[in-house]
Amino acid sequence: MKNIVILISGGGSNMAAIVKTAQRDQWPRTLGAQVAAVISNKATAGGLEFAREHGIATAVVDHKAYGSRDDFDAALAAVIDRFDAPGAPVLVVLAGFMRILTPGFVARYAGRLVNIHPSLLPAFPGLHTHQRAIDAGCQFAGVTVHQVTAELDHGPILAQAVVPVLPGDTADTLAQRVLSQEHQIYPRAIAELLQK
Ligand code: GRF
């Protein structure tokens, strides 16, 4: 059984979409994979409650408790590795996880670390993607699922969805439409990755 560990920082709607799809499509039986744990760097992350209600192990690794990124990433990896075993490798899924990871952490999970970013990468890496797309006069925005490499919001693209920018769109209205596409493509991209 492959163990999916999802890292969140907030509401966790992408995490919830993955959990619901895994249950609906019976991933343990059909893909030999289960959502084993949800880890947050914030104790207040709303998604933790959803995970608990769905019988998924949860953990909090508070970045504020660590003096350096290296120390935080080491603590995070120690929790993730509880779900990693020979023959049961972990797939680490970043879903609204708002921390920059060190190259050492990325290397440790190379090839089994994925992220979702709310823009059509390579356009608009970083924050405030929706406002930046509107300000640039883009007619299309969207979302990208990609393998994580040491460079922020780069790495091989696994899936994308395009969302039109409509007249009068604000960052919030655009974000909502992009988010509903995120919920479609992230579970699908993970399922495809698990089939490889
Ligand atoms: C999503 O737009 C994701 O792409 C971005 O942060 C947001 C997280 O939303 N990185 P949620 O926590 O999955 O609801």
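The following legends describe close-up views of a predicted model with a bound ligand.

**View 1. The shell around the ligand.** The residues surrounding the ligand are Gly11, Gly12, Ser13, Asn14, Gly96, Ile116, Pro118, Leu179 and Glu182. Sorted by class, this shell comprises three nonpolar, five polar and one charged residues. The ligand occupies the space of the largest pocket.

**View 2. Polar contacts of the ligand.** Oxygen atoms of the ligand pair with both backbone and side-chain atoms of the protein. For glycine 12, a backbone N or O atom lies 2.9 Å from a ligand oxygen. A polar backbone atom of asparagine 14 is likewise 2.9 Å from an oxygen atom of the ligand. Glutamate 182 places a polar side-chain atom 2.7 Å from a ligand oxygen. Of the 370 Å² that the ligand exposes when taken alone, the protein buries 78%.

**View 3. Helices and domains at the ligand.** At least two residues of the shell come from each of α1 (13–24) and α7 (171–195). The ligand lies between domain 1 (1–109) and domain 2 (116–196), because both domains give residues to its shell.

**View 4. The loop between β5 and α6.** Proline 122 belongs to the loop that joins β5 (113–117) and α6 (129–135). The peptide bond from leucine 121 to proline 122 is cis, with omega near 15°. Phenylalanine 124 is also found in the loop between β5 and α6, and its phi is positive, near 55°. Most residues other than glycine have a negative phi, and most peptide bonds are trans.

**View 5. The loop between β6 and β7.** Aspartate 153 is located between β6 (140–147) and β7 (157–164). Although aspartate 153 is not a glycine, its phi is positive, about 55°.

Definitions and conventions: Residues are numbered from 1 along each chain as its sequence is written. This is a predicted model: local features need pLDDT of at least 70, side-chain atom pairs count only at pLDDT 80 or more; totals for chains, interfaces and linings use all residues. Side-chain values use heavy atoms; hydrogens and water are left out. A residue is near a molecule or strand if one of its heavy atoms lies within 4 Å of it. A polar contact is a pair of N or O atoms within 3.5 Å; within protein, one must be able to donate a hydrogen and the other to accept it, and residues adjacent in sequence count only if both atoms are side-chain atoms. Accessible areas come from the Shrake-Rupley method with a 1.4 Å probe; for residues, only the protein chains shown count as cover. On a 1 Å grid over the protein atoms alone, a cavity is a set of points where a 1.4 Å probe fits but cannot get out, and a pocket is an open set with protein on both sides within 12 Å along at least five of seven lines; lining residues have an atom within 4 Å of a point. A molecule sits in a cavity or pocket if more than half of its atoms lie within 2 Å of its grid points. Helices (H or I, at least four residues) and strands (E, at least two) are DSSP runs, numbered from the N terminus. Ala, Val, Leu, Ile, Met, Phe, Trp, Tyr, Cys and Pro count as nonpolar, Asp, Glu, Lys and Arg as charged, and the others, Gly among them, as polar. Domain bounds come from an automatic or database domain assignment.
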